[in-house]
Amino acid sequence: MTKTMNVAMIGGGFMGKAHAMAYASMPMFFWPAPAIPHRKVVVDVDQAMAEEARARFGFDEASTDWKAVVNRDDIDVVDICTPNNIHAEIAIEAARAGKHIICEKPLSRTVEEAVEMAKAVAEAGVTNMVAYNYRRTPAVALAKKFIDEGRIGKILNFRGTYLQDWSADPDGPLSWRFQKKIAGSGAIGDIGTHVVDMAHYLVGPVAEVNAITRTYVPTRPVQSGGVDKLGASDKSADGPRGDVDVDDEFTSLLKFENGAIGSLEATRNGWGRNNFITLEIHGTKGSIHFNYERRDELQVYFADDPGDARGFRTIYTGPAHPYGEGLWPIPALGIGYSETKIIECRDFFAAIASGEPASPSFADGLLIERVADALIRSGETGAWTAV
Ligand code: SOE
């Protein structure tokens, strides 16, 4: 009999929507499911928002008191979908209460917070995961399989980008994502860390970075209402403006511990790019290319193909590939953002059920914070900076 586990979700915004959909759909895709997540309580900043999230996302109860909820005996899992500034406080309280924890990315604003979070979950012995979902795109997991099988040989170079344009308009609202005290950093923490996670997953730990960081838009219109407004949908250019004190964009060179080299860049100001996450990896025996905007496809080149057949081939992911057993029955029917979150949910509950560590864990999230911190410091000094 599959166990039902009660989830308390803290934060009912964009990420709350993605996680709630995953809780509902995960057993529909992956059966037998490792557990049945039950949407027990959702917490938001005021009663009206919490009640709206409850009704919309299918939770039994709404609350505004995360501390009380996290300490309830009938809660098994705490899901942190809040802005970054309260990840640490909630996670540490939840760990002390013995709850399994999934936390949205980035794990924290600073390395210091991440150290405390990793320590708290290790001491409590609870399952812990950071929601870096893109590594769970089947094509990225297929790239990992080919790398682990040695199909592209020893990795020599990793080139990663994450380009978006939702903040290219200087009159786009001052989301919390532009405020250091809430976000910790800008493009580095918000989207660059996704690519660092995939670099760690596919290549190995980053050892040293050299970064250039830029803030192009120093002030933005203060946004109205309590809900984060990504992008320019709520323009109020004539209203008061507040300071942006994080990076808009960075570009960097990388050295990996295993000797591979590479580059990583991210921006939310790159007009025309939406969720342009690209990975290009070459090794001694072949190459891999992935672009999230064509996420059903993995481009691979194997140097050991016969000379007259060499060339990049396109593999459309489907039942023969990672996670294919639970997803759709025909290749290229379409992987979406939701599917990546459903797989993440399956892997998180599978880790709880098996007692094996989840991945990426808070300890992995801490390593990513160390890279983010090195990128910020290198951006300030211009020097090669050890992680
Ligand atoms: C905004 O840049 C954002 O919502 C990120 O915070 C997410 O992590 C990314 O998946 C989509 O874009």
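Which residue places a polar side-chain atom 2.5 Å from an oxygen atom of the ligand? In this predicted model, the residue is tyrosine 134.

## Ligand contacts

Tyrosine 134 is joined in contacting the ligand by two further side chains. Lysine 105 has a side-chain N or O atom 2.8 Å from an oxygen atom of the ligand. For histidine 194, a side-chain N or O atom is likewise 2.8 Å from a ligand oxygen. Of the 300 Å² of accessible area that the ligand has on its own, the protein covers 94%.

The shell around the ligand consists of Phe14, Lys105, Tyr134, Tyr162, Gln164, Trp166, Arg177, Asp190, Ile191, His194 and Leu230. Sorted by class, six of these residues are nonpolar, two are polar and three are charged. Helix α8, residues 187-202, supplies the largest share of the shell, with three residues. Domain 1 (4-134) and domain 2 (137-386) both contribute residues to the shell, and the ligand therefore lies between the two domains.

## Cis peptide bonds

Lysine 105, whose side chain approaches a ligand oxygen at 2.8 Å, also takes part in a cis peptide bond. The bond runs from lysine 105 to proline 106, and its omega is near -15°. Proline 106 belongs to the loop between β5 and α5.

A cis peptide bond also links tryptophan 31 to proline 32, with omega at about 0°. Proline 32 is placed in the loop between α1 (14-29) and β2 (36-43).

## Threonine 110 and helix α5

The loop between β5 (100-103) and α5 (111-124) also holds threonine 110. With a relative accessible area of 33%, threonine 110 is partly exposed, because the partly exposed class runs from 20% to 50%. A polar atom of the threonine 110 side chain lies 3.1 Å from the backbone nitrogen of glutamate 113. Threonine 110 and proline 83 are 27 residues apart along the chain, and their C-alpha atoms are separated by 14 Å.

Within helix α5 itself lies glutamate 116. Its relative accessibility of 41% makes glutamate 116 partly exposed. Glutamate 116 and serine 361 are separated by 245 residues in sequence, while their C-alpha atoms are 14 Å apart in space.

## Threonine 161 in strand β7

Threonine 161 is part of strand β7, which covers residues 155-163. This threonine has a relative accessible area of 15% and is buried, because the limit for that class is under 20%. The side chains of threonine 161 and threonine 278 form a polar contact at 2.5 Å.

## Helices α6 and α9

Helix α6 spans residues 138-148 and is mostly covered, with eight of its eleven residues buried. The buried residues of α6 are Pro138, Ala139, Val140, Ala141, Leu142, Ala143, Phe146 and Ile147. Just after α6 comes glycine 150, which adopts a positive phi of about 80°.

Helix α9 comprises the 18 residues 337-354. At 1.5 Å a residue, α9 should span 26 Å, and its end C-alpha atoms are indeed 26 Å apart, so expectation and model agree. Because 13 of the 18 residues of α9 are buried, the helix is largely enclosed by the rest of the structure. Glycine 355, just after α9, takes a positive phi of about 80°.

## Positive phi in the loop before α9

Where do residues other than glycine show a positive phi? Alanine 332 is one of them, with phi near 70°. Alanine 332 sits in the loop between β16 and α9. Its relative accessibility is 38%, so alanine 332 counts as partly exposed.

Tyrosine 323, which is not a glycine, has a positive phi of about 70°. Tyrosine 323 is located in the loop between β16 (313-316) and α9. At 13% relative accessibility, tyrosine 323 counts as buried.

Methods. Residues are numbered from 1 along each chain as its sequence is written. Side-chain values use heavy atoms; hydrogens and water are left out. Helices (H or I, at least four residues) and strands (E, at least two) are DSSP runs, numbered from the N terminus. Buried means under 20% relative accessible area, exposed over 50%, partly exposed in between (1.4 Å probe, protein chains only). A polar contact is a pair of N or O atoms within 3.5 Å; within protein, one must be able to donate a hydrogen and the other to accept it, and residues adjacent in sequence count only if both atoms are side-chain atoms. The expected span of a helix is 1.5 Å times one less than its number of residues. A residue is near a molecule or strand if one of its heavy atoms lies within 4 Å of it. Accessible areas come from the Shrake-Rupley method with a 1.4 Å probe; for residues, only the protein chains shown count as cover. Ala, Val, Leu, Ile, Met, Phe, Trp, Tyr, Cys and Pro count as nonpolar, Asp, Glu, Lys and Arg as charged, and the others, Gly among them, as polar. Domain bounds come from an automatic or database domain assignment.
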